[in-house]
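Okay, thanks for coming, everyone. I'll put the structure up now, and we'll start with one residue and work outwards from there.

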Amino acid sequence: MPDSFFVFAILALLLTPGPTNTLLTVGAAARGFRSSLPLLVGELAGYLVVVVPLATIAASLLEGRPALANALRLAAALWVLFLAVRLWRVSAVQENSNTSSPVTIGQVFLTTVLNPKAPIIGLVIMPHGTLAQIAPAIGLFSLLVAGAGTSFLVLGSLIGRAPVLSPQLVYRVAAVCLGVFSLGLAGTASGLI
C-alpha cells in the first residue's frame, strides 16, 4: 500500500496550477460547480491513460531516450498554446454573448494526457509492477485526482460568482497562464530551461 510520501507527492503535483487545473477552473467559472463535475471524468481518464501504462510497462522502455521525452514535451507545449489562443479568442465572444464554457471533457482529457505531470507520476511516483500489484496505488491516486480536481472546480465556481470578475477577464488570465506554461514546456523540450 502506498505511504504518506506517495500521497504528499501526488497532491503536491495535482494541486500545482497547470493546464488541466486552468481548464477545470475556467469551466466551473463559466458553468458553475455542478455543471462542471463531468470534467473530472476527462481529467481522471487522461491521467489513467498515461500513468497506468507507464507504471506497468513503459518505465523500463523509456530509460535513456531523452529525444522521446523532448518530443512529448513539445507536443504538450503546442497543445497548451492552442488552448491559450482558443481561450483568448473565446473571451472576445464571451464579452458580447451568453456563450457557455468552451471547456469540454475531451479537451480536459487531451490536456491531461499531454500534461507533463502524468509522466512524472507514472515514471517516478507511482509504484511499478503488474496492474494487480499497483491496483491499490491506482485506487488511491484516483481518489486524489478527484479531490484535487474538485478543489479547482470550487475555485472556478467562486470566481464565476465574483461580481468584480468578468468572464472575459477570467478567460484572458487563463489564456495568459496557459501561454506562459506552454513557453516553459517548449523551453524544457529545447534544452533552454
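So, let's begin with Ala148, which is buried, with a relative accessible area of just 3%. Before I go on, please keep in mind that this is a predicted model. Where does Ala148 sit? Its place is in helix H8. Now, what does Ala148 touch, once we leave aside its neighbours within four places in sequence? The answer is Leu14 and Leu15. Take Leu14: along the sequence, Ala148 and Leu14 are 134 residues apart, yet in space their C-alpha atoms are 6.1 Å apart.

That kind of long-range pairing comes up again in the chain as a whole. If you take the contacts with a separation of 6 or more, 86% of them are between residues 24 or more positions apart. As for the overall make-up, the chain has nine helices and zero strands. Read along the sequence, that gives the pattern α-α-α-α-α-α-α-α-α. And of the 193 residues in the chain, 42% are buried.

Let's stay in H8 for a moment and look at Ser142, which is found in that helix too. Is Ser142 buried or exposed? Its relative accessibility is 15%, and the cut-off for buried is under 20%, so Ser142 counts as buried. Not counting residues up to four places away in sequence, Ser142 touches Leu44 and Leu48.

For contrast, have a look at Arg89, over in helix H5, which covers residues 66-95. Arg89 has a relative accessibility of 61% and counts as exposed. Here's another pair from distant parts of the sequence: Arg89 and Gln168 are 79 residues apart along the chain, and their C-alpha atoms are separated by 9.7 Å.

Right, on to the cores. How many residues does the largest nonpolar core have? It has 23, and the ones with the most contacts inside it are Ile10, Leu14, Ile121, Met126 and Phe141. You'll recognise Leu14 there as one of the partners of Ala148. Which helices feed this core? At least two residues each come from helix H1 (4-14), helix H4 (39-62), helix H7 (117-125) and helix H8 (131-161).

Met126 is a good one to zoom in on. Setting aside its neighbours within four places in sequence, Met126 is in contact with Phe6, Val51, Ala55, Ile121, Ala137, Ile138 and Phe141. Apart from this core lies another one, of 19 residues, and its members include Ala28, Trp79, Leu153 and Tyr171.

Now for how the helices pack, and I've picked three pairs. The first one on my list is H1 with H7. Their axes come within 10 Å and cross at roughly 165 degrees. Anything over 145 degrees counts as roughly antiparallel, so that is what H1 is to H7. In terms of handedness, H1 passes H7 in a right-handed crossing. On the H1 side we have Phe6, Ala9, Ile10, Leu13 and Leu14, and they meet Lys117, Ile120, Ile121 and Ile125 in H7. By class, that contact has eight nonpolar residues, no polar ones and one charged.

Next up, H2, residues 19-31, against H8. Here the axes come within 7 Å and the crossing is at roughly 40 degrees. H2 and H8 are therefore oblique to each other. This crossing is right-handed as well. The residues of H2 that take part are Asn21, Leu24, Thr25, Ala28 and Ala29. Across from them in H8 are Gly149, Phe152, Leu153, Leu155, Gly156, Ser157, Ile159 and Gly160. What's the class mix in the contact of H2 with H8? It divides into seven nonpolar, six polar and no charged. Ala28 and Leu153, by the way, are both among the residues of that other core of 19.

H2 also packs against helix H6, residues 105-114, at an angle of about 160 degrees, with the axes 8 Å apart. That makes H2 roughly antiparallel to H6. This time the crossing is left-handed. The residues making the contact are Pro19, Thr20, Leu23 and Leu24 of H2, with Gln107, Val108, Thr111 and Thr112 of H6. They split into four nonpolar, four polar and no charged.

So, if you take one picture away, let it be Ala148, buried and in contact with Leu14, which in turn is among the residues with the most contacts inside the largest nonpolar core. Happy to take questions.

Conventions:
Residues are numbered from 1 along each chain as its sequence is written. This is a predicted model: local features need pLDDT of at least 70, side-chain atom pairs count only at pLDDT 80 or more; totals for chains, interfaces and linings use all residues. Side-chain values use heavy atoms; hydrogens and water are left out. A nonpolar core is a set of buried Ala, Val, Leu, Ile, Met, Phe, Trp, Tyr and Cys residues joined through side-chain atoms within 4.5 Å. Buried means under 20% relative accessible area, exposed over 50%, partly exposed in between (1.4 Å probe, protein chains only). Helices (H or I, at least four residues) and strands (E, at least two) are DSSP runs, numbered from the N terminus. Contact means heavy atoms within 4.5 Å. Axes are lines fitted to C-alpha atoms, for helices over the stretch in contact, and angles run from 0 to 180 degrees between N-to-C directions. Angles under 35 degrees count as roughly parallel, over 145 as roughly antiparallel, 65 to 115 as roughly perpendicular and the rest as oblique. A crossing is left-handed if the near helix is turned anticlockwise from the far one by less than a right angle, and right-handed if clockwise. Ala, Val, Leu, Ile, Met, Phe, Trp, Tyr, Cys and Pro count as nonpolar, Asp, Glu, Lys and Arg as charged, and the others, Gly among them, as polar.
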